[in-house]
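This report describes one protein chain, proceeding from general features to individual helices and single residues. Please keep the sequence and the model in view while reading.

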Amino acid sequence: MTDETLSRPAPLIARTTAGAGHLAVFLAHWAGGHTVSSEELLRRIVKARAEAHTEKVEEHQREAKRAHRKATKLRRIAAEDGGLVPAAQSDLDQAEREVRRHQVALEALGDWEITDIDPGQVTHRRKRIAAARCTVLALPVAGVVVGSWLLDGVVLLVSTLGAVTACWARGNRAFELTTRPVPAELLADTARLALEATEENGEEALPVVDVGKWKRELMDHVEQAVAIAKHEGKGGVHAVELLHGLHKQGDFVGLTTATFPSKLRDAGIPTKVISVAGDKAIGVSYDELTKVLQRMPRLPAHLVPDLTAYPDLPSPERAASPE
């Protein structure tokens, strides 16, 4: 046996060492939050902001409606009884102030828009993920240490044997260090977000999500609903009513009143706080939708009057032509 042969590591040790290296690299990649792409983190930040904005708007709407109902009730009592006692009059004044306050808040909130996001926020979110994952990795190690101290050293021996076995089983097969794909639901919820490459990090431009079938179906439903509302003398439709109509048809059942306004905006449908029958809430205005469509919203086919049923009526072209 030569000195060269003695200096070579045994095949078992070499395989175990290689497996330990691959496992260490993979765990570092996972624990550092690098399995989550920057695009996904950015989209999650945008989605969280949109949902927070929607929650604030709905909270002000609820409080405004509650105060409005209270004020209406007190006014009716005053009309029936010829006035209010001082305490009731004070309640009426307070309710009217609450209505005005929430209306001002709704106007200030307005329609949510995507603003520039500091890249540091994406880094901060990745660090939060890394901290949580490092905690998860530290728990088994802490368990082994506590178990060895409180119970017996056999716990440490068994744990070490298990780790060595895992390293040997992995061997020379390296892990593929990739990032997971962005969830389809998240892409749909943030489809209006256009991601561009920056010269600072040299990343490639991320593709903008194409307008899918669900967007066209949603646009058709909203267009017809707004056209019907205009036909009935209304200036638009509240988002809640649009969502109820979709749920009755069995469409978009996964959406709620909190997430639906952002879904409308993702489809390119303008939303704003509108007043319908005296109630203010987020909805789709006829005038704003007309600007987006660059034409008047169309009624459903069954509501369009059939001019062919009256063949004796002159057409505009025939009436305008000279005899």
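A residue is called buried when its relative accessible area is under 20%, exposed when that area is over 50%, and partly exposed in between, as found with a 1.4 Å probe on protein chains only. By this rule Thr17 counts as exposed, because its relative accessibility is 52%.

The model is predicted: local features need pLDDT of at least 70, and side-chain atom pairs count only at pLDDT 80 or more, whereas totals for chains, interfaces and linings use all residues. Residues are numbered from 1 along each chain as its sequence is written, and side-chain values use heavy atoms, with hydrogens and water left out.

**The chain as a whole**

Helices (H or I, at least four residues) and strands (E, at least two) are DSSP runs, numbered from the N terminus. The chain has 12 helices and three strands. It comprises 323 residues, of which 30% count as buried. A contact means heavy atoms within 4.5 Å. Among the contacts in the chain with a separation of 6 or more, 74% are accounted for by residues 24 or more positions apart.

**Two helices compared with their expected spans**

The expected span of a helix is 1.5 Å times one less than its number of residues. The table sets out this check for α2 and α4.

| Helix | Residues | Number of residues | Expected span | Distance between end C-alpha atoms |
|---|---|---|---|---|
| α2 | 11-31 | 21 residues | 30 Å | 30 Å |
| α4 | 86-109 | 24 residues | 34 Å | 35 Å |

For α2 the expected and computed values agree, and agreement is also found for α4.

**Helix α2 and its surroundings**

Which residues of α2 are buried? They are Thr16, Ala18, Gly19, His29 and Ala31. The elements that cover the buried residues of α2 include α5 (119-150) and α6 (154-170). Just after α2, Gly33 takes a positive phi of about 75°.

To describe helix packing, axes are lines fitted to C-alpha atoms, for helices over the stretch in contact, and angles run from 0 to 180 degrees between N-to-C directions. The axes of α2 and α5 lie 8 Å apart, and the two helices pack at an angle of about 135°. Angles under 35 degrees count as roughly parallel, over 145 as roughly antiparallel, 65 to 115 as roughly perpendicular, and the rest as oblique. The helices α2 and α5 are therefore oblique to each other. On the side of α2, the contact is made by Leu27, Trp30 and Ala31; on the side of α5, it is made by Ala130, Arg133, Cys134, Val136 and Leu137. These contact residues divide into seven nonpolar, no polar and one charged. In this grouping, Ala, Val, Leu, Ile, Met, Phe, Trp, Tyr, Cys and Pro count as nonpolar, Asp, Glu, Lys and Arg as charged, and the others, Gly among them, as polar.

Rings of Phe, Tyr and Trp (its six-membered ring) pair if their centres lie within 6.5 Å; planes under 30 degrees apart count as stacked, over 60 as edge-to-face, and the rest as tilted. The structure holds one aromatic pair. Phe26 and Phe175 form this stacked pair, with 4.5 Å from centre to centre and 25° between the planes. The pair links distant parts of the chain, since Phe26 is in helix α2 and Phe175 is in the loop between α6 and α7 (184-189), 149 residues apart. Phe26 counts as partly exposed because its relative accessibility is 27%, and Phe175 is also partly exposed, at 26%.

Thr17, introduced above, lies in helix α2. Its C-alpha atom is separated by 7.1 Å from that of Cys167, although the two residues are 150 residues apart along the chain.

**Helix α4**

In α4, the buried residues are Ala88, Leu92, Ala95, Val99, His102, Ala105 and Leu106. What covers them includes α3 (38-81) and β2 (272-276). Just after α4, Gly110 takes a positive phi of about 55°.

**Positive phi outside glycine**

Ala277 has a positive phi of about 55° although it is not a glycine. Its place is in the loop between β2 and β3 (279-285), and Ala277 counts as exposed, at 77% relative accessibility. Gln294, also a residue other than glycine, has a positive phi near 60°. Gln294 is in the loop between α11 (286-293) and α12 (316-320). At 73% relative accessibility, Gln294 counts as exposed.
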